[in-house]
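Me: Can you walk me through the salt bridges in this one? Short answers are fine.

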Amino acid sequence: RAENSNSNRHATEFTSIDLEFSYIDSFYDVMHMEQEMLIYMLKHMKETYGEEIKNVFHTEVIVPTKDFPVIKLSDLYKELEKRYGYQIPEEDVGDLNAETEKLAFKFAMEEYQSEFLFITDFSKAKRPFYHMRENDVPQGYDLIWRGVEITTGAQREHRYDVLKKQAEEKGLGDDVKFYLEFFKYGCPPHGGFGLGMDRLTMLLLELPHLREAMFLYRNPSRLTP
């Protein structure tokens with residue numbers, strides 16, 4: 001991870017599952033795929049290790065019994081201001097920050113009795129160039145679990161001309177020439193997401209820091225062992 005990773009939920013080296021699949025109709029197909037995968041995972045964890053997790057970590061594995069709620073980012077801002085008097089800082093408008101994520105979890109529990117919350121309609125300025133846009137709105141989402149973002153997912157832009165234009169808007173035209181070659185002769189509609197296994201483990205077991213969920217934790221000031 002080539003960024004400032006000094007937080008309780010980031011590491012400079014981590015393990016993740018990255019899933020991409022083709023012939024989707026919209027990013028809602030991606031959201032559904034992730035929801036079903038996470039429910040399956042939590043169900044299996046509860047059945048296999050639920051009692052052990054409760055005894056060792058003093059926390060319950062909670063398996064969702066209904067669809068994860070979905071809210072647009074602008075509507076979430078309104079709810080957080082109305083309920084908690086919270087206003088997103090100017091520099092974060094169009095995106096989430098750590099405080100917004102925590103309050104989004106609080107809102108989801110109060111409004112939907114859900115530990116999970118899908119958030120959509122982010123600003124294109126805050127999303128990668130390869131996210132498909134409709135009416136200039138990125139067709140993607142963030143998924144919040146227990147107050148922490150665990151996924152940014154999206155329908156990817158598969159049309160060569162549009163993808164090239166969006167890369168150039170971000171000043172990346174020359175940097176992604178090799179990447180664009182994959183789309184030059186046709187690519188099906190597709191989408192996907194990534195899930196950090198260390199962060200999932202931290203949240204599942206309600207650990208205070210990512211380093212407690214990893215075998216070898218590395219941050220910007222620790223390279224070895």
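Reply: Here is a quick tour of some salt bridges in this predicted model.

Me: How many salt bridges are there in the whole structure?
Reply: A search of the whole structure finds 22.

Me: Which residue does Arg218 pair with?
Reply: Glu13. Their side chains meet in a salt bridge, 2.7 Å from N to O.

Me: Where do those two sit in the chain?
Reply: Arg218 is in the segment after helix H6 (197–204), and Glu13 is in the segment before strand S1 (16–22). So the pair ties together parts that are 205 residues apart in sequence.

Me: Is Arg218 buried or exposed?
Reply: Arg218 is buried, because its relative accessibility is 15% and the cut-off for buried is under 20%. Glu13 has 44%, so it counts as partly exposed.

Me: New topic. What does Asp136 bind to in a salt bridge?
Reply: Lys124, with the closest N and O atoms 2.9 Å apart. Asp136 lies in the loop between strands S4 (133–134) and S5 (137–138), and Lys124 in the loop between strand S3 (116–120) and S4, so this pair ties together parts 12 residues apart in sequence.

Me: And what about Glu169?
Reply: Glu169 and Arg133 meet through their side chains in a salt bridge, at 2.9 Å from N to O. Glu169 is in helix H4 (residues 160–169) and Arg133 is in strand S4, 36 residues apart. Glu169 is partly exposed at 45%, whereas Arg133 is buried at 14%.

Me: Last one. Which residues join into one network?
Reply: Glu79, Lys82, Arg83, Glu110 and Glu111, through salt bridges that share partners.

How values were computed. Residues numbered from 1 in each chain as written. Predicted model: local features only at pLDDT ≥ 70, side-chain atom pairs only at ≥ 80, totals over all residues. Heavy atoms only, no water. Salt bridge = Lys/Arg side-chain N within 4 Å of Asp/Glu carboxyl O. Helix = DSSP H or I, 4+ residues; strand = E, 2+ residues; numbered from the N terminus. Buried < 20%, exposed > 50% of the residue type's maximum accessible area, 1.4 Å probe, protein only.
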